[in-house]
Amino acid sequence: MANLNAPFGLRPVSYLSGLPYNGVVRQYSVPASDGTAIYVGDPVKLNGTSQFINGQTFTDVIIAATTDVMVGVVVGVFADTRDSLLYRAASTQRILLVADDPNLVFEVQQGTGGTPLTANDVGLNVSLAIAAGSTVTGLSGTTIDNTTEATTNTLAIKIVGMVNRADNDPGSAVGTGADASRFLVRLNRHQYVNQIAGA
């Protein structure tokens, strides 16, 4: 069965300890001066600025590029009105809910094309392919760049496992893979911890 090619960015599922993700987030803001839309599932990084909103201070984040050190992943966007978008539109000031615990494990789809990653790639590091999300669903278009797996410690994420679920075809054997399959990863380049080499 072929995998459904439907990227959703990174989705928190558990902690490295094995405990399920409990929904804890930290609130960050995005300045109106930032011209890039941000979707649920997008990785973000600290911007070095902050906002004073309704008597509270919020640290600013912007979408992370492929080679950036990240602070976390967007899991929600605060609504301004009942008609607010599901994502943060470009050049609008919004408050984001970000899963920023460095011990989080995320589910993410690998890209299509190239040589698919396999179960034997667990432990290696890879880059993300940052892509625009859907204005309909509000979900990120970011995937694993399956051409970048290596031990290099400066790659964005570390593969910690494959998703073992009926809707995820891993390929015909541990050394083979399948397009658009899903992996479990953690942020290797996190702004709150040191990055480490893959194994």
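This briefing walks through the fold of one protein chain, from its overall build down to two of its residues. The model is a predicted one, so please read every value below as computed from that prediction. The chain contains eleven strands and zero helices. Its overall size fits a compact globule, and 47% of its 199 residues are buried.

**The chain as a whole**

- Reading from the N terminus, you meet the elements in the order β-β-β-β-β-β-β-β-β-β-β.
- A compact globule with 199 residues would have a radius of gyration near 16 Å, and the chain has 17 Å, so the two agree.
- The C-alpha trace spans about 55 × 35 × 30 Å along its principal axes.
- Take the contacts between residues at least 6 apart in sequence: 75% of them join residues at least 24 apart.
- The accessible surface amounts to about 9,100 Å², and carbon and sulfur atoms account for 54% of that surface.

**The open sheet of six strands**

- Six strands form an open sheet in the order S1-S7-S11-S10-S8-S9, and their pairing is antiparallel.
- Strand S1 (11-15) and strand S9 (143-150) are the edge strands, each pairing on one side only.
- From one strand to the next, the twist averages 45°.
- Inside this order you can find strand S8 (residues 125-129) beside strand S10 (residues 157-162); two bridges pair S8 with S10 in the antiparallel sense.
- To locate this pairing in the structure, look for Val 126, which stands opposite Ile 157 in S10.

**Strand S6 and its partners**

- Strand S6 covers residues 94-99, and five of its six residues are buried, so this strand is mostly covered by the definition of buried as under 20% relative accessible area.
- Strand S2 (residues 26-30) runs antiparallel to S6, and five bridges join the two.
- Arg 26 is a handy marker here, as it stands opposite Val 98 in S6.
- Strand S5 (residues 72-77) also runs antiparallel to S6, joined to it by four bridges.
- For this second pairing, look for Gly 76, which stands opposite Leu 97 in S6.

**A closer look at Asp 68**

- You will find Asp 68 in the loop between strand S4 (56-63) and S5.
- Is Asp 68 buried or exposed? Asp 68 counts as buried because its relative accessibility is 16%, and the cut-off for buried is under 20%.
- Beyond its neighbours within four places in sequence, Asp 68 is in contact with Lys 45 and Arg 189.
- With Lys 45, the side chain of Asp 68 makes a polar contact of 3.2 Å, side chain to side chain.
- A polar atom of the Asp 68 side chain also lies 2.7 Å from the backbone nitrogen of Ala 65.
- Asp 68 and Ala 132 are 64 residues apart in sequence, while their C-alpha atoms are 17 Å apart in space.

**A closer look at Ser 127**

- Ser 127 belongs to strand S8.
- Ser 127 counts as buried because its relative accessible area is 9%, and buried means under 20%.
- Which residues is Ser 127 in contact with, leaving aside its neighbours within four places in sequence? They are Thr 66, Ile 144, Asp 145, Thr 148, Leu 155 and Ala 156.
- Of these contacts, Ile 144, Asp 145 and Thr 148 lie in the edge strand S9 (143-150).

Terms used:
Residues numbered from 1 in each chain as written. Predicted model: local features only at pLDDT ≥ 70, side-chain atom pairs only at ≥ 80, totals over all residues. Heavy atoms only, no water. Buried < 20%, exposed > 50% of the residue type's maximum accessible area, 1.4 Å probe, protein only. Pairing = 2+ DSSP bridges. Axes fitted to C-alpha atoms, helices over the stretch in contact; angles between N-to-C directions. Contact = heavy atoms within 4.5 Å. Polar contact = N/O pair within 3.5 Å; in protein donor to acceptor, adjacent residues only side chain to side chain. Rg over C-alpha atoms; globule rule 2.2 N^0.38 Å. Areas by Shrake-Rupley, 256 points an atom, 1.4 Å probe, with all protein chains shown as cover.
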